[in-house]
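Subject: Structure handover

Hello,

I am handing over the structure we talked about. Please open it and keep it in view while you read the notes below.

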Amino acid sequence: MGVEAAACVLNFSSLAMRAIVVDSHVHRVAKRLGLIAATADAAHAYPPDGSGSDHWSSDDLFELHGLIKGLGQLVCEQETPQCGACPLKAQCPRIGVGHSADVLAWRGR
Ligand code: SF4
């Protein structure tokens, strides 16, 4: 079983344990936001204890996964990130990545 599958079992099941699931969307967004190293592969994107801050409950981590995944699916897409419409653009060190119309409008000439 891989790290992602293990985290799914721990957090998504009735076990409801503290673990963050890093799928491809979460991995991509976390790298772009600078939450993990740009060179970190998905298996090494997990905090050492798998859950991050002690202040975050299993429900918090479940919600965090869903929110970041949704951002990755709807806004911070692999090929065409819509940075101009992104709610995190003010905090994102990678704003302008990709080739969307928003990105081209943002780039200096
Ligand atoms: S500003 Fe752009 S690169 Fe950064 S998280 Fe938002 S969509 Fe992704």
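The notes below go from the overall fold to single residues and end with the confidence values.

Overall fold. This is a predicted model. The protein has four helices and zero strands, so the pattern along the sequence is simply α-α-α-α. Of its 109 residues, 21% are buried. Among contacts with a separation of 6 or more, 47% join residues 24 or more positions apart.

Helix 2 and the core. Helix 2 covers residues 24–33, and its buried residues are V26, V29, A30 and R32. Seen down the axis of helix 2, these buried residues fall within an arc of 165°, so they line one face of the helix. Helix 3, residues 58–74, is part of what covers them. Just after helix 2 comes G34, which has a positive phi, near 80°.

The largest nonpolar core has 16 residues, and those touching the most other members are A19, I20, V21, V22, V26 and V29. Helix 2 and helix 3 each supply at least two residues of this core. V29 is a good residue to click on: leaving out residues up to four places away in sequence, V29 touches I68, L71, G72 and C76.

The start of the chain. V3 lies in helix 1, which spans residues 3–12. Is V3 buried, exposed or partly exposed? V3 has 16 C-beta neighbours inside 10 Å, and therefore counts as partly exposed; the buried class needs 20 or more. Not counting residues up to four places away in sequence, V3 touches A43 and Y46. The C-alpha atoms of V3 and V21 are 8.5 Å apart, with their positions 18 residues apart in sequence.

The loop between helix 1 and helix 2. Two residues here are worth a look. A16 lies in this loop and has a positive phi, near 45°, although A16 is not a glycine. Most residues other than glycine have a negative phi. A16 counts as partly exposed because 14 C-beta neighbours lie inside 10 Å. R18 lies in the loop between helix 1 and helix 2 as well, but R18 is buried, because 20 other C-beta atoms lie within 10 Å. Which residue, 39 residues apart from R18 along the chain, has its C-alpha atom 6.2 Å from that of R18? The residue is S57.

The ligand. The ligand is surrounded by 15 residues, and the closest are C76, P81, C83, C86 and C92. By type, the shell around the ligand has eleven nonpolar residues, one polar and three charged. C76 appears twice in these notes: C76 is one of the closest residues to the ligand, and V29 touches C76.

Confidence. The mean pLDDT of the protein is 88, and 86% of the residues reach 70 or more. Among the elements, helix 3 has the highest mean pLDDT, 97, while helix 4, residues 101–106, has the lowest, 47. Over residues 100–109 the pLDDT is below 50, although this stretch has 17 contacts in the model beyond near neighbours in sequence. Where pLDDT is low, the predicted coordinates should not be read in detail.

Regards

How values were computed:
Residues numbered from 1 in each chain as written. Predicted model: local features only at pLDDT ≥ 70, side-chain atom pairs only at ≥ 80, totals over all residues. Near = placed C-beta within 6 Å. Nonpolar A, V, L, I, M, F, W, Y, C, P; charged D, E, K, R; others polar. Buried ≥ 20, exposed ≤ 12 C-beta atoms within 10 Å, placed from the backbone. Contact = placed C-beta atoms within 7 Å. Arc of directions from axis to C-beta. Core = buried A, V, L, I, M, F, W, Y, C linked by C-beta atoms within 7 Å. pLDDT = per-residue confidence, 0-100.
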